[in-house]
Amino acid sequence: GNVLVIISVVYFKQLHVPTNYLILSLAVADLLVGTMVFPFSMAVTVTACWYQEDLFCKIRGSLDATLSTASILNLCCISVDRYYAVCQPLTYKSKINDRIIGVMILGSWGVSATIGIGIIVAGFNQGKCEGSCLIDAFISTTLGCVFSFYIPVIIMLSIYLKIYLVAQKQAKNILRTNCQKAKPAAIASKTERKATKTLAMVLGVFLLCWTPYFLYLIFQPLTYKATPISVIEALNWLALSNSMLNPFIYAFFYSW
């Protein structure tokens, strides 16, 4: 699915627009999750990597964090693009151009790489000392969760709520303007329902996939009982499945 998105955006010149560059970046991140993170996660199940502290496990954790964060931050950038397209359509082309999109993409990947490198550094330090290094590792994990998930989620929820309210207002204005014409009113009502379903699906799938895993990362250090490996793996696979679903939500959903 992600390969088809990449080929489509790269090959067809009519798809060379700022919005689709973000979708292209998202597809690249999700494709890398599928090719570089999925195999490692499968290996975890077979080799019980959770109990080892070797280089393989650290690299796996870094790749997982980097590419998953890149996917989430690209989703956040897409929500910003949609905000300007829906809420400020007259100034959209001047505010969201190729240069701004390039900054968004570079920023997303830069932050993701920084978090991935930080996890490796924290992992090596944790293996060499006691006490303070465990605190450093906990802080790095918490900060990673905040920048990888919680801040993007707050931004996305705020933006999509604003988009939903604006879409409702526009639909009501259309209904008011065409109150004596049944067909336009029906079209406006249908458009409003479609917009609501789309936003609900975009946010619902994202939150369903990622929220359980990041809640676990935050609350696990606060508990004294070890979480069963099968539970951790299930949460991890649920989160990673978002990269499989994104092409359907952000690309195949639009017939063009």
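## Tyr-11 and Phe-12

Phe-12 counts as partly exposed, with a relative accessibility of 37%. Its neighbour in this story is Tyr-11, which comes out as exposed at 62%. Keep in mind that we're looking at a predicted model here.

A search of the whole structure turns up eight aromatic pairs. In one of them, the ring centres of Tyr-11 and Phe-12 sit 5.0 Å apart with their planes at 85°; an angle over 60 degrees makes a pair edge-to-face, so that's the label this one gets.

## Other aromatic contacts

Phe-38 and Trp-237 also make an edge-to-face pair, at 5.3 Å centre to centre and 65° between the planes. This one links distant parts of the chain: Phe-38 belongs to helix α2 and Trp-237 to helix α8 (residues 229–240), 199 residues apart. Trp-237 has 27% relative accessibility, so it falls in the partly exposed class.

Then there's a cluster held together by ring pairs: Phe-149, Tyr-150, Phe-206, Trp-210, Tyr-213 and Phe-214.

## The cavity

Looking through the whole structure for cavities of 30 Å³ or more gives you just one. The largest cavity holds about 40 Å³ of space. Three elements each give two or more residues to its lining: α1 (2–11), α2 (18–47) and α9 (242–252).

If you want to click through the lining of the largest cavity, pick out Asn-2, Val-5, Ile-23, Leu-26, Ala-27, Asp-30, Asn-246, Pro-247, Tyr-250 and Ala-251. By residue class, that lining splits into seven nonpolar, two polar and one charged.

Notes
Residues are numbered from 1 along each chain as its sequence is written. This is a predicted model: local features need pLDDT of at least 70, side-chain atom pairs count only at pLDDT 80 or more; totals for chains, interfaces and linings use all residues. Side-chain values use heavy atoms; hydrogens and water are left out. On a 1 Å grid over the protein atoms alone, a cavity is a set of points where a 1.4 Å probe fits but cannot get out, and a pocket is an open set with protein on both sides within 12 Å along at least five of seven lines; lining residues have an atom within 4 Å of a point. Grid points are joined across faces, edges and corners, and a volume is the space filled by probe spheres set on the points. Helices (H or I, at least four residues) and strands (E, at least two) are DSSP runs, numbered from the N terminus. Ala, Val, Leu, Ile, Met, Phe, Trp, Tyr, Cys and Pro count as nonpolar, Asp, Glu, Lys and Arg as charged, and the others, Gly among them, as polar. Rings of Phe, Tyr and Trp (its six-membered ring) pair if their centres lie within 6.5 Å; planes under 30 degrees apart count as stacked, over 60 as edge-to-face and the rest as tilted. Buried means under 20% relative accessible area, exposed over 50%, partly exposed in between (1.4 Å probe, protein chains only).
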